[in-house]
Amino acid sequence: MSRKNSMLIGIIILMSGLIVLGILIAKGVKTHNNEPKLFKDSKKVLAMKIYENIKAYDLEESYPDTPEKVMDLYMNLTMLILGDMIQDNNVYAEMVDISRKLYSDEILASNPVQQQYQELISSVKALEKDEIYLAQFDRGKTYYPPDNSKLCVIPVDEYLNKIGHVYWNYYLVSEEGAWKIQTWEMTDENYNSLNKK
């Protein structure tokens, strides 16, 4: 075989390889671009970290064993939902399903899943319209009333970017050995109920 023919065959093999490589790269880019964007680009790293922490819980097999762990998981759910991070509505639905596993039977009975989802989407849209989002939260020390060993109160300080601090008391009850969120109420900065006169 002449030197000229060898070069021609080499060029054809090289070009064929480049074409195959180009097709594989284009296919990979196309597949990547077709994946749903779960989170907004500006907060993707934080959102993915929170999302992966939430998804790491197997609530059927290993439910959080303390009320504090229940609240930490719930506040991470809340941070993801209200933190202006989610782009795909399927993530909201997934977070609603997970949060419902943390609720008491009483809350579940009075809040059908579809109603909870619709109310959540409405609230999120209203916050987004005003560019308000949950920036951080702090969980306070758990209080156990002396007259009820199946109840505890956990204070939470939420910080919203355009509003400031919002204070809550979360009430958790023990149901069949698992701490469940029973209710919550907005409070003053000392965690005193705003409903008391």
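Q: What makes tyrosine 170 count as buried in this predicted model?
A: Its relative accessible area is 4%, and buried means under 20%, so tyrosine 170 is buried.

Q: Why is tryptophan 184 called partly exposed?
A: Tryptophan 184 has a relative accessible area of 32%. Buried would need under 20% and exposed over 50%, so this residue falls in between and is partly exposed.

Q: What makes the pair of tyrosine 170 and tryptophan 184 tilted?
A: Look at the two rings: their centres are 5.8 Å apart, and their planes stand at 35°. Planes under 30 degrees apart would be stacked and over 60 edge-to-face, so this pair is tilted. Tyrosine 170 lies in strand 3 and tryptophan 184 in strand 4, so the pair ties together parts 14 residues apart in sequence.

Q: Which residues do ring pairs link into a cluster?
A: The cluster holds Tyr74, Tyr103, Tyr170 and Trp184. Tyrosine 103 is buried too, at 6% relative accessibility.

Q: How do you know that the buried residues of helix 2 line one face?
A: Start with the buried residues, which are Ala47, Ile50, Tyr51 and Ile54. Seen down the helix axis, they fall within an arc of 100°, so they line one face. They pack against helix 3 and helix 4, while Val45 and Lys49 are exposed on the other side.

Q: How do you know that the length of helix 2 agrees with what is expected?
A: Its twelve residues, at 1.5 Å a residue, should span 16 Å. The end C-alpha atoms are 16 Å apart, so the two agree.

Definitions and conventions
Residues are numbered from 1 along each chain as its sequence is written. This is a predicted model: local features need pLDDT of at least 70, side-chain atom pairs count only at pLDDT 80 or more; totals for chains, interfaces and linings use all residues. Side-chain values use heavy atoms; hydrogens and water are left out. Helices (H or I, at least four residues) and strands (E, at least two) are DSSP runs, numbered from the N terminus. The expected span of a helix is 1.5 Å times one less than its number of residues. Buried means under 20% relative accessible area, exposed over 50%, partly exposed in between (1.4 Å probe, protein chains only). The arc is that of the directions from the helix axis to the C-beta atoms. Contact means heavy atoms within 4.5 Å. Rings of Phe, Tyr and Trp (its six-membered ring) pair if their centres lie within 6.5 Å; planes under 30 degrees apart count as stacked, over 60 as edge-to-face and the rest as tilted.
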